[in-house]
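Please read the points below with the structure open beside you, since they are meant for someone who has not met it before. They take up pairing of strands, then a helix, then the ligand, and finally the confidence of the model.

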Amino acid sequence: MAEPLLVAEGIEMTYSDGGRVEALAETSLAVGRGEFVCLLGPSGCGKSTLLHILGGLRRPTAGQVLFDGRPLRSPQQRIAYVFQKANLMPWRTALANVALPLEVRGVPRAEAAARAHEMLALVGLTGFAGSYPRRLSGGMEQRVAIARALVQGAEVLLLDEPFGSLDALTREQLNEELLRIWQAQQLTVVMVTHSIAEAVFLADRVLVLTSRPGRLALELPVTLPRPRPWDAASPTQARLAGELRRAIAQWSAGFEVGA
Ligand SMILES: Nc1ncnc2c1ncn2[C@@H]1O[C@H](COP(=O)(O)OP(=O)(O)OP(=O)(O)O)[C@@H](O)[C@H]1O
Ligand SMILES: [Mg+2]
């Protein structure tokens with residue numbers, strides 16, 4: 001692995017608001033600079049919890065996260081987050097939504113707008129700067145969300161099922177776009193997905209969590225050359241997906257292995 005950029009050491013997480021839920025048992029992992037890691041696991045196994053902790057949005061009950069060698073205690077500009085829903089502000093244009101994090105930081109308006117234009121170009125939305133969210137498709141909204149997440153020059157992109165609510169074709173297209181952006185911006189990516197095919201298409205490494213409480217069950221490097229075919233037609237891709245499916249089935253009945 002390249003030099004580790006994001007390291008989780010002995011993370012444990014127990015929620016205690018309204019009853020105790022042990023969401024994560026001792027979990028350690030390291031994500032290399034420039035690596036693309038996918039996180040798979042059954043619903044409720046703690047994927048979002050782990051991602052929040054990796055992003056400094058939530059403090060673990062035990063253990064620590066090191067970002068670039070330093071303990072991570074709060075959200076950082078260098079770490080961007082994209083959720084399943086874009087949550088754009090309906091009264092702001094695509095451009096104004098992307099520029100918002102910069103405006104909040106007091107970046108002059110013209111400079112913020114110029115940077116936001118660059119980001120919209122990066123996600124393929126050059127012609128939609130003046131569009132309001134209600135005029136954008138779900139896929140376009142997620143592109144705007146990615147542009148907004150990256151506008152502050154983040155090095156790490158954490159994605160929590162970002163394309164889960166999109167139709168299969170749009171999802172495929174956005175996965176291709178995501179790989180292009182990952183390479184163009186030299187990002188380090190950790191992405192939660194429910195889809196084994198998606199993980200094998202995107203990732204350098206797939207981490208699988210088990211549930212109750214969540215813990216790392218399996219780690220599978222995906223050593224396929226890029227670009228990879230999306231249709232899983234390549235025998236190696238199919239073999240890896242099968243391997244993952246079987247391993248997951250051993251741990252978690254009911255996990256969406258067909259996805
Ligand atoms: N704020 C919270 N307070 C209490 N319990 C929580 C909270 N957030 C999550 N949990 C519990 O922690 C466990 C892990 O939840 P988490 O959302 O991390 O799972 P997940 O793997 O992301 O699930 P999904 O695939 O459905 O998104 C679950 O049992 C959930 O009910
Ligand atoms: Mg989740």
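1. Two strands are said to pair if DSSP finds at least two bridges between them. With that in mind, and remembering that this is a predicted model, one may begin with β9 and β10, which form a hairpin with 4 residues between them. In the turn of this hairpin, Arg212 has a positive phi of about 50°.

2. The two arms of the hairpin run antiparallel, and 6 bridges join β9 to β10, the strand of residues 215-221. Within this pairing, Thr210 stands opposite Arg215 in β10.

3. Strand β9 also pairs with β3 (residues 36-40), here in parallel fashion and through 4 bridges; in this pairing Leu40 stands opposite Val208 in β9. Of the 6 residues of β9 (residues 205-210), 5 are buried, so this strand is largely enclosed by the rest of the structure.

4. Is helix α4 buried or exposed? Of its 13 residues 11 are buried, so the helix is largely enclosed by the rest of the structure. The buried residues of α4 include charged side chains, among them Glu141, Arg143 and Arg148, as well as Met140, Val144, Ile146 and Leu150. The elements that cover them include the strands β6 (79-82) and β7 (156-160), together with the helices α2 (94-104), α3 (109-122) and α5 (168-184).

5. The length of α4 (residues 138-150) can be checked as well: at 1.5 Å a residue its 13 residues should span 18 Å, and because the end C-alpha atoms are 19 Å apart, the model agrees with that expectation.

6. Which residues lie around ligand 1? They include Tyr15, Asp17, Val21 and Ala23, and further along the chain Gly41, as well as the run Ser43, Gly44, Cys45, Gly46, Lys47, Ser48 and Thr49. Both β2 (21-32) and α1 (47-54) supply at least two residues of this shell, and α1 gives the most, with 3 residues. By character, the shell divides into 4 nonpolar, 6 polar and 2 charged residues.

7. As to confidence, the protein chain averages a pLDDT of 90, and 95% of the residues score at least 70. Among its elements, strand β8 (residues 188-192) has the highest confidence, at 98, whereas helix α7 (residues 235-251) has the lowest, at a mean of 77. Over residues 254-259 the pLDDT is below 50, although this stretch has 11 contacts in the model beyond near neighbours in sequence.

Technical notes:
Residues numbered from 1 in each chain as written. Chains lettered and ligands numbered in written order. Predicted model: local features only at pLDDT ≥ 70, side-chain atom pairs only at ≥ 80, totals over all residues. Near = placed C-beta within 6 Å. pLDDT = per-residue confidence, 0-100. Contact = placed C-beta atoms within 7 Å. Expected span 1.5 Å × (residues − 1). Buried ≥ 20, exposed ≤ 12 C-beta atoms within 10 Å, placed from the backbone.
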